[in-house]
Amino acid sequence: MNFKDYIRVIPDYPQPGIRFKDITTLTNNGEVYKSAIEAIKQAVANKEIDLVAGPEARGFIVGAPLAVSLGVGFVPIRKSGKLPGEVIEASYDLEYGADKLAMHKDAIKPGQRVLIADDLLATGGTIATTINLIRQLGGEVVGAAFLIELGYLDGRQKLDGIDIFSLMTY
């Protein structure tokens with residue numbers, strides 16, 4: 001199956017010059033969405049995964065069903081101010097801005113093996129920050145999986161040493 005056939009490209013969103021890759025045209029097709037999650041699951045099946053972590057918001061769309069499919073827990077990585085309880089936070093740069101991510105201090109136990117899942121690898125800032133948060137809590141990042149990778153933005157280089165799987169590359 002060519003998953004790219006199910007991705008809508010929206011020019012000049014959210015700002016001029018950006019060609020936004022819209023995954024909703026994939027996720028609103030149940031059969032294709034299920035096939036995409038299954039393809040990612042097969043690609044990471046050889047890893048010993050205790051948890052899947054997904055950054056807000058589209059990381060939830062990929063990470064949560066992947067965690068269920070793998071039979072492991074899911075850890076949401078949220079934007080600052082969105083989680084109750086004690087959190088750790090870190091700032092990061094986006095393809096077109098800056099933000100701050102947070103996760104619960106008790107979300108990951110030392111030594112747990114964590115796979116990061118998100119819709120898109122662009123510049124790598126969000127995922128590098130997610131890796132940092134997981135490591136602060138003593139977790140071991142065993143890899144990162146994406147629906148889409150924007151190869152021309154070299155985000156993979158920011159994640160040196162992390163095993164990366166991308167279902168589609170632009």
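**Close-up 1. Thr130 in helix α4 of the predicted model.** Thr130 is buried, its relative accessible area being 0%. The residue belongs to helix α4, which comprises residues 125-136. Beyond its sequence neighbours up to four places away, Thr130 touches Pro55, Ile77, Leu101 and Ile116. Two of these contacts, Pro55 and Ile77, are bridge partners, with Ile77 in strand β4.

**Close-up 2. Helix α4 and the residue that follows it.** The end C-alpha atoms of α4 are 17 Å apart, which agrees with the 16 Å that its 12 residues should span at 1.5 Å a residue. Buried positions in the helix are Gly125, Thr126, Ile127, Thr129, Thr130, Ile131, Leu133 and Ile134. In an α-helix, residues three or four places apart point the same way, because there are 3.6 residues a turn. After α4 comes Gly138, with a positive phi near 90 degrees.

**Close-up 3. Strand β3 and its burial.** Strand β3 covers residues 51-55, and five of its five residues are buried. Leu51, Ala53 and Pro55 point one way from the strand, whereas Val52 and Gly54 point the other way. Side chains of a regular strand alternate between the two faces of the sheet.

**Close-up 4. The strands that pair with β3.** Strand β4 (residues 73-79) runs parallel to β3 and is joined to it by five bridges. Within this pairing, Pro55 has Ile77 of β4 as its bridge partner. From β3 the chain passes through helix α3 (residues 58-70) to β4, forming a right-handed β-α-β crossover. Strand β7 (residues 113-121) also pairs with β3 in the parallel sense, here over three bridges. Val52 stands opposite Leu115 of β7.

**Close-up 5. Asp119 in strand β7.** Asp119 counts as buried, because its relative accessibility is 4% and the cut-off for burial is under 20%. Its side chain forms a polar contact of 2.5 Å with the side chain of Arg58. Apart from residues up to four places away in sequence, Asp119 touches Ile23, Arg58, Gly59, Val62, Phe146, Leu147 and Ile148.

**Close-up 6. Val142 in strand β8.** Strand β8 spans residues 140-149 and contains Val142, which counts as buried at 10% relative accessibility. Sequence neighbours up to four places away aside, Val142 touches Lys47, Glu48, Ile49, Arg113, Val114, Leu115 and Asp163. One of these contacts, Leu115, stands opposite Val52 of β3. Between Val142 and Lys109 the C-alpha distance is 15 Å, with a sequence separation of 33 residues.

**Close-up 7. Backbone features of the loop between β1 and β2.** This loop links β1 (8-11) to β2 (19-22) and includes Pro14. The peptide bond from Tyr13 to Pro14 is cis, with omega near 5 degrees. Asp12 is found in this loop as well; its phi is positive, near 60 degrees, although the residue is not glycine.

**Close-up 8. The cis peptide bond between Glu56 and Ala57.** Omega of this bond is about -5 degrees. Ala57 lies in the loop between β3 and α3, the helix through which the chain crosses to β4.

**Close-up 9. Asp154 in the loop between β8 and α5.** Helix α5 covers 155-158. Asp154 has a positive phi, near 55 degrees, in a residue other than glycine. Its relative accessibility is 47%, and Asp154 therefore counts as partly exposed.

How values were computed:
Residues are numbered from 1 along each chain as its sequence is written. This is a predicted model: local features need pLDDT of at least 70, side-chain atom pairs count only at pLDDT 80 or more; totals for chains, interfaces and linings use all residues. Side-chain values use heavy atoms; hydrogens and water are left out. Helices (H or I, at least four residues) and strands (E, at least two) are DSSP runs, numbered from the N terminus. Buried means under 20% relative accessible area, exposed over 50%, partly exposed in between (1.4 Å probe, protein chains only). Contact means heavy atoms within 4.5 Å. Two strands pair if DSSP finds at least two bridges between them. A crossover is right-handed if, with the strands pointing away from the viewer, the path from the first strand over the helix to the second runs clockwise. The expected span of a helix is 1.5 Å times one less than its number of residues. A polar contact is a pair of N or O atoms within 3.5 Å; within protein, one must be able to donate a hydrogen and the other to accept it, and residues adjacent in sequence count only if both atoms are side-chain atoms.
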